[in-house]
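This report looks at how side chains come together inside the fold, across it and on its surface. The sequence and the structure come first, and the description follows.

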Amino acid sequence: MKIRFLWQKRKSIIFTWLISYSAVLFVPMMMSWIIYMQSSEALKSEIHRANDSLLKQVRYTIDNQIDLMKRLNMEITWNAKLQSLMYSNLRSNDDQFLAFQLVNEFRMYQTSYATIDEFYVTWDQESSILRPGNVRDLKTAFDTIHNTGTLRYEQWLDTIHNAANNQFLLLPRADAVSPQNSIAYIAHLPKDLNGKQTGTVVVMADMERFQKAMETISGFSGGQILILNHDNQVLLSNLPVSVNKNLILEQLLDRDDVMYKPAQNGDSELFYMQSAVSDLKYVLVIPSRIYWEKAEYVRKFTYISILISLMGAGVLTWFFMRRNYSPIQRLVQSLSDKNSTQERPDGNELNFIQRAISQTRNEKDKIALQLQSHHHVLRSNMLNRLLKGKMDTLIPYEEAFKSFHIDLISHDFAVILFAVENQDSLSSNLPGMDMNERRKLIQFIITNVVEELVGQRGHAGYVAEVDDMMVCLVNFADIEAVEMKQDLHWIATEAQRFLIRFSMDLTVSIGGIHGSLFGVAEAYSEALDAMEYKMVRGKREIITYDEIRIDSTDQQQLGYYYPLQVEQQIINLIKIGGFEQASACMNEIMERNFNKPLVSLTLARCLIFNLVGTMVKAINELGDGDSRILGDNPLWMDKIIACDTILEMQHELQTLLKEVCAFAAVKMETNLSKERAETLRELISKVTRYIDEHYQDSNLNVNTIGERFELKGSYISKLFKDQTGEGLLDYITKVRIQQAKRMISYKQDSISDIANYVGYNEVATFIRVFKKYEGITPGKFKEMN
């Protein structure tokens, strides 16, 4: 039951305190543990140092033997006779004699290296073994040296030929006093020029020579010594290999110094050392009980001290924890009673108290925010009703102003309207915000800027949103009317200039100044009227009511200029494609109507629509009733109507005028081309008739024809050739020859008479021309016919 209760209270502050107080015990427990560890490490260090010394002694003894084996191998390898035998192309008898000399030298090596029990060289070319004093074939040598029954002949050959170079291996030795394994050092001789294997040097030492060095450390520590080769094969061990060799090999590192590491099986300690003269490794494995037997006393004492500390600390911790928890518990109960609607789950008391306080503060802030939001809405609604003249007689505005913290400093009021002309483009500058948020941000910026500017001039300003525009009600200080107007214009100008920083393009209109609250609605109406005149004045302007107010005595301002003859002139210019002239006429009409001090908005719209109608009339006259150009662009009229200002309408009108004039120019050029072609055809027809009627005249030529039709001879000749494809002079000659051929066919007149009849004064000229066109003379032609 106690445990379940504590588990349920695991998030409570009492559980946190329990952890905190328990952490105080960490220091003495750590000190006790450090003392114990230091004592154990001191004992281990002494044992490690002793074992290191013994292991180094073993390494020194065995390395001396290994060094002798490697030195003998080196002398044999670089023996001059062996080099000549292996790498010289000698005759067979010479090879045998050289081999005999070499094995005799091996006897001297045998005497010099007394601790080397056996060595030989394989002679691969002759499949022989070179030993001290004799040369044997491979099989005989195997039987003599290695055949103890533990190694087959084929295995020995494979080992000799394929073992890694400079490798230590275990090989049996049969000619020992008692057959036993020996440590063999195998080194391959360099290959010959053909890349073939020449031989292998094998140096062997019996294991008894290594065992003596290992018995000393084994008797001292009871540990096991392992000697491993480069491939981590066990070459020698003072005891049977009973430990897990794989676990030991996994922990070996390729380092040159002594390494100590606990074995992974948890029962042994591992010492490792690399040979100083070879790639052999010396491993000492010592049972772990040796350390713990000597550290048992220290360990028991440490455990008892830690246990006593825990028991005493637990009692004190529980006492002080309960004593400090009582005030927290009472506070939680008090908050739970006050917040009875909210069930308190089992958890951290401090978190509960924090949540309760945070919820109370959030509710307070929420209420304050709602009151502030309602206050702004109510104030905006009150200003809207005031601006639109909906005075609420039940609640005097003076009292309403006080409730909304609006202080009236005088009875003089004016209204300024602000219209944002680029709200759509502001959307790209405010990404990640919806339309309502952007609108509120724009209102917030304009409100703060305008009210601040009004305050800088010593007046009071109150901004509200009315019909998608921002309205500022200005309550003036006690100054002259002229200064009031100057301050209104300054406020508008500075607001425009400052809000450009926020990429806002503003059109500002200013109403008149009125001396009572009832005049506020009239001031708002005047500002609206002034804002309407942005169609004439253009956007991003400051328009005051005084500028657009119509004086009934000034009739010149209400004039309208667009006479019928001017309209007909524009239509004629459009019909001939004269864009520049038509545009100049339209601009002149705009200037004469809109450059006056004032123009009626109704008359301005009427003028624009009349100009559009003029272009429609011109298009209809151009197309003979075909209004295809209007049908292809149905949105032109909508674009013009949708414009907010005269300048925008004028721009759209100029675009439409340019399209219409281009259409008219193309159509006129097409009509002119057709008319010109018809005229040319008629002229050429008249020329041909004239030639047919006057070919008898000897003076008929290009120039006389040109004079007849009041054109230059060369020009009329060019026109004739362009239309008919043949020259005018050729055509005259062709007509004369045809008439001559007809007369010759009748055979009534002579050639001379015919020549004179068709316009040739000389017969020779006629004959030459006739032959040129017909290929034969007139006389010949007459004979043929």
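## Nonpolar cores

In this predicted model, the largest nonpolar core holds 43 residues, and I76, V121 and L130 are the members that touch the most others. Helix α3 supplies the largest share of this core, namely seven residues. Leaving aside residues up to four places away in sequence, I76 is in contact with L82, F106, Y109, F119, V121 and V201.

A separate core of 35 residues lies apart from this one, and I543, I548, I571 and M590 are among its members.

## Salt bridges between separate elements

Across the whole structure, the search finds ten salt bridges, and two of those described here join elements that are apart in sequence. One of them pairs E105 with K81, whose closest N and O atoms are 2.7 Å apart. Because E105 belongs to helix α5 (residues 92-112) and K81 to helix α4 (residues 80-87), this pair ties together parts that are 24 residues apart in sequence. Both partners retain some accessibility: E105 is partly exposed at a relative accessible area of 21%, and K81 is likewise partly exposed at 26%.

The other pairs D206 with R173, with an N to O distance of 2.5 Å. Here the link runs between strands, since D206 lies in strand β6 (residues 199-206) and R173 in strand β4 (residues 167-173), so that parts 33 residues apart in sequence are tied together. The relative accessibility of D206 is 7%, so this residue counts as buried, and R173 is buried as well, with a relative accessible area of 7%.

## A salt bridge within one helix

K686 and E682 also form a salt bridge, in which the closest N and O atoms are 3.7 Å apart. Both residues lie in helix α24 (residues 646-694), where they are four residues apart, or about one turn of the helix. Under the cut-offs that place partly exposed residues between buried (under 20%) and exposed (over 50%), K686 counts as partly exposed because its relative accessibility is 37%, and E682 is partly exposed with a relative accessible area of 46%.

## A nonpolar surface patch

On the surface, F26, V27, M30, M31 and I34 form a nonpolar patch, and together these residues have about 470 Å² of accessible area. F26, one of the residues in the patch, lies in helix α3 (residues 26-77), the helix that also contributes seven residues to the largest nonpolar core.

Key:
Residues are numbered from 1 along each chain as its sequence is written. This is a predicted model: local features need pLDDT of at least 70, side-chain atom pairs count only at pLDDT 80 or more; totals for chains, interfaces and linings use all residues. Side-chain values use heavy atoms; hydrogens and water are left out. A salt bridge is a side-chain nitrogen of Lys or Arg within 4 Å of a carboxyl oxygen of Asp or Glu. Helices (H or I, at least four residues) and strands (E, at least two) are DSSP runs, numbered from the N terminus. Buried means under 20% relative accessible area, exposed over 50%, partly exposed in between (1.4 Å probe, protein chains only). Patches are made of residues with over 30% relative accessible area and no salt bridge: like charges are joined within 9 Å, nonpolar side chains (Val, Leu, Ile, Met, Phe, Trp, Tyr) within 5 Å. Accessible areas come from the Shrake-Rupley method with a 1.4 Å probe; for residues, only the protein chains shown count as cover. A nonpolar core is a set of buried Ala, Val, Leu, Ile, Met, Phe, Trp, Tyr and Cys residues joined through side-chain atoms within 4.5 Å. Contact means heavy atoms within 4.5 Å.
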